[in-house]
Amino acid sequence: TDAAINPGNSGGAMTNCSGGLIGIPSAGATVPTSSGQPTAGSVGLGFAIPSNLARSVSNEIISTGGVTHSFFGISVAPIPPGAAAEAGTTPGLYVLSVTPGGPTANAGLRTGDIITKIDRQSATDPNQLFALTLTRRAGDTVPITYERNGQSTTVTVNLGSQP
């Protein structure tokens, strides 16, 4: 959105040209000052929560009194194809850390593995994992294909509830 989003005086729905709800404005970008504090007011860049996500979260809050987010329990970094070719490895997502006892640890992933597919799609961006935590619930399963020591393995990760 190009509408200013400032604390206390912003809000309202984002709609398409047909009047359909597409998002709820939620945050505005600011530029940090030299002290690291954000500047006052908007810099003209706003962000919104997609309406289907807002609806899902609000329905869960209404029915249960709270909201639960799913999580993988993993930290990854991308290995772009060029860097992978130069290093003689596979492109994908390099596993930086795995939460002990978390969903990916329980599925067998370890630090140093390279995730090549997430939910049957090529793994290219850490945001793929984040997006699934927004669209899937705790208890849902996600197939993950990874490489370890040159061998490819596919496991099923049972998403957990974010602690």
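For the classes used below, Ala, Val, Leu, Ile, Met, Phe, Trp, Tyr, Cys and Pro count as nonpolar, Asp, Glu, Lys and Arg as charged, and the others, Gly among them, as polar. The exercises concern a predicted model.

**Exercise 1.** Determine how the lining of the largest pocket divides by class, and which elements contribute to the lining.

*Solution.*
Step 1. The pocket has a volume of about 220 Å³.
Step 2. Its lining consists of 14 residues; those nearest the centre are Glu60, Thr68, Leu134, Arg136 and Arg137.
Step 3. Two or more lining residues come from each of helix 1 (51-64) and helix 4 (127-135). Helix 1 provides the largest share, 4 residues.
Step 4. Sorted by class, the lining holds 5 nonpolar, 6 polar and 3 charged residues.

**Exercise 2.** State which residues line the second largest pocket and which element gives the most to that lining.

*Solution.*
Step 1. The volume of the second largest pocket is about 180 Å³.
Step 2. The lining is made up of His69, Ser70, Phe71, Phe72, Gly73, Ile74, Leu129, Phe130, Thr133, Leu134 and Gln162.
Step 3. At least two of these residues are supplied by strand 4 (70-71), and at least two by helix 4. Helix 4 gives the most, with 4 residues.

**Exercise 3.** Find how many residues of each class line the second largest pocket, and explain the count of charged residues.

*Solution.*
Step 1. The lining divides into 6 nonpolar and 5 polar residues, with no charged residue.
Step 2. Gly73 belongs to this lining and is counted as polar because Gly is placed in that class.
Step 3. The charged count is zero because Asp, Glu, Lys and Arg are the charged types, and the lining has no charged residues.

Methods: Residues numbered from 1 in each chain as written. Predicted model: local features only at pLDDT ≥ 70, side-chain atom pairs only at ≥ 80, totals over all residues. Heavy atoms only, no water. 1 Å grid on protein atoms, 1.4 Å probe; cavity = no way out; pocket = protein on both sides within 12 Å on 5 of 7 lines; lining within 4 Å. Points joined across faces, edges and corners; volume = space filled by probe spheres on them.
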